[in-house]
Amino acid sequence: MKRFLEKMQDPQDRKYFFTMLGSKLLGAAAVFAVYFGIKAILHGTSASADDGTTAAAASSAAAAAAPAAAAAAAAVPAYVSPINTVWVLVTAFLVFFMQAGFMMLEGGFARSRETVNVMLEGIIDTCLCGLLFYGWGFAWMFGSGCGLIGNQYYFLQHIPDTYGTTGVPTLAIFLFQFAFADCTSTITSGAMVGRTGFIGDLLYSVVVSGIIYPILGHWAWGPDGWLNNIQPAAFHDFAGSTVVHTIGGMIALAGAVVLGPRIGRKFKRDGGGPMPGHDMTIAALGTIILWFGWYGFNPGSTLSAMDTLGIARIATNTTLAAVAGGIAAMFFVYPRSKIWDCGTTCNGLLAGLVAITCPCYWVSPLGAIILGSIAGVVVVLATDLLEYLRIDDPVGAWPVHGAAGVWGTLSLGLFATGQYGSPTPTGADTSSVVKGLFYGGGFTQLKAQMIGSACIGGGALIMGFILMYAVHYLTGTLRISKEGELQGMDIHEHGGAAYPEFTTGA
């Protein structure tokens, strides 16, 4: 006790003591908050079960009076389609595997000294998104509420056995949609490679996955989203050219603008050019892995294995748009550079995939080739625009996902053939078809696509700027220090290099 009192006379010891005491108290408070929060959630579940037990007891007399009827009612389960459930789960696994593709693509386009940072961001963004989508993201996006936001299924509580009329367990739908949500945050990080502090990445990832994506996504994909009720034609986005790619691309653009270019980045109008990625091998492999995962992304969005012709059409259209985008980008760039550029070809291929994601169910194979080819040109022109505006996007996140996503959304209003309606649990429904301008549908569907793309894309861009400026100026963690960037993010932020056997430096 005497020693303690003596130490309390020293201001530095006093400061250390109260700092440690305060941190211990805060830690204890956090533990109790988590404990009581989990207890409240579990209590709500058990209370619901108790209510069901009480209700069963109250109606026991009626059940006794009609035992045969009660037994028959209890024997009728909710409609579940085993084949559709397996289809959704398998395609969810394919979409999740796209994270490996994103990590390899971004890592290859990055410099070697920031490769570990790219890999860890891809892993931790996935972990954060999973918890946030479980807590309230799925509720806000796919629960019923109002036209702007859902208000059901928080923490996956009180969910129905199957979601809507799909015949697929709600938990399977959750897993499938979590994989989609994860892609959005990963897309955002691509434009911010090489200079984003790790804490800053965690902060913006929480907001993107937990707030921006589920709210904007509800507008188009929620059961009562307001874009579903546009008259005379509703907005359509089959697998996410707008909901996933445009949202991710626009937030990525905001992040790149707020961060500013990497140290040493010299743009073409200033006599320089893009910084080369350190490994086009893994970038190209990442591209092909993403292409493979897209066969879950697009065909899986039928949520039904029974629409066999629709699945085959989607898979074929996805393939043709990808190959057309890659070829168009490569040949479009060659005359001015006199090189066959691998990075441009990869991004052109991805742009074709992004563009076909919205209209894949409603266009013909020829339409897929045409719109994929245009996407390959769009991604190059969008990259030129960023270069002219001196915006540093190391992997081309906005050109690939933002610009090509907008084009793909609008292309539905042009190339939809008017032959196809929508998939159902038991097959295709052609009672209401989607027809574009080039097939005699006029401007009706194109207007709906323009409204949806402008509202969701514009909303994502505005929210993205608010988010990035808030993280940058309120926390000071968005951009790494100059010393850390020059030293290399892997060493400065994570304590080790991706390739320790080789010398890396500024």
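A residue counts as buried under 20% relative accessible area, as exposed over 50%, and as partly exposed in between. These cut-offs help in reading the aromatic residues of this structure, which is a predicted model. With a relative accessibility of 26%, Tyr334 falls between the two limits and is therefore partly exposed. Trp340, at 51%, passes the upper limit and so counts as exposed.

Tyr334 and Trp340 also meet each other through their rings. The ring centres lie 3.9 Å apart and the planes make an angle of 10 degrees, so the two rings are stacked. A second stacked pair is formed by Phe465 and Tyr469, whose ring centres are 6.1 Å apart and whose planes stand at 20 degrees. Both residues belong to helix H15, where a spacing of 4 residues puts about one helical turn between them. Phe465 is partly exposed at 24% relative accessibility, and Tyr469 is likewise partly exposed, with a value of 38%.

In total, the structure contains 24 aromatic pairs. Ring pairs also join Phe133, Phe138, Phe142, Tyr153, Tyr163 and Phe174 into a cluster. Two arginines add contacts of another kind. The charged end of Arg313 is placed over the ring of Tyr361, 4.6 Å from the ring centre, while Arg269 lies over the face of Tyr388 at 4.2 Å from the centre of that ring.

Attention now turns to the open spaces of the model. The largest pocket encloses about 1,300 Å³. It is lined by 40 residues, and those closest to its centre are Ala220, Trp221, Asn228, Ser422 and Pro423. Two or more lining residues come from each of helix H7 (170-190), helix H8 (198-221), strand E1 (422-424) and helix H15 (444-475). Helix H15 thus has a place in this lining and also carries the stacked residues Phe465 and Tyr469. By class, the lining of the largest pocket comprises 20 nonpolar, 18 polar and 2 charged residues.

The second largest pocket holds about 800 Å³ of space. Of its 31 lining residues, Pro274, Asp341, Gly343, Thr344 and Thr383 come closest to the centre. At least two lining residues are supplied by each of helix H11 (308-337), helix H12 (342-357) and helix H13 (365-388). Helix H13 makes the greatest contribution to this lining, with 6 residues. The lining of the second largest pocket is made up of 15 nonpolar, 7 polar and 9 charged residues.

Note on methods
Residues are numbered from 1 along each chain as its sequence is written. This is a predicted model: local features need pLDDT of at least 70, side-chain atom pairs count only at pLDDT 80 or more; totals for chains, interfaces and linings use all residues. Side-chain values use heavy atoms; hydrogens and water are left out. On a 1 Å grid over the protein atoms alone, a cavity is a set of points where a 1.4 Å probe fits but cannot get out, and a pocket is an open set with protein on both sides within 12 Å along at least five of seven lines; lining residues have an atom within 4 Å of a point. Grid points are joined across faces, edges and corners, and a volume is the space filled by probe spheres set on the points. Ala, Val, Leu, Ile, Met, Phe, Trp, Tyr, Cys and Pro count as nonpolar, Asp, Glu, Lys and Arg as charged, and the others, Gly among them, as polar. Rings of Phe, Tyr and Trp (its six-membered ring) pair if their centres lie within 6.5 Å; planes under 30 degrees apart count as stacked, over 60 as edge-to-face and the rest as tilted. Buried means under 20% relative accessible area, exposed over 50%, partly exposed in between (1.4 Å probe, protein chains only). A charge sits over a ring if NZ of Lys or CZ of Arg is within 6 Å of the ring centre and within 35 degrees of the ring normal.
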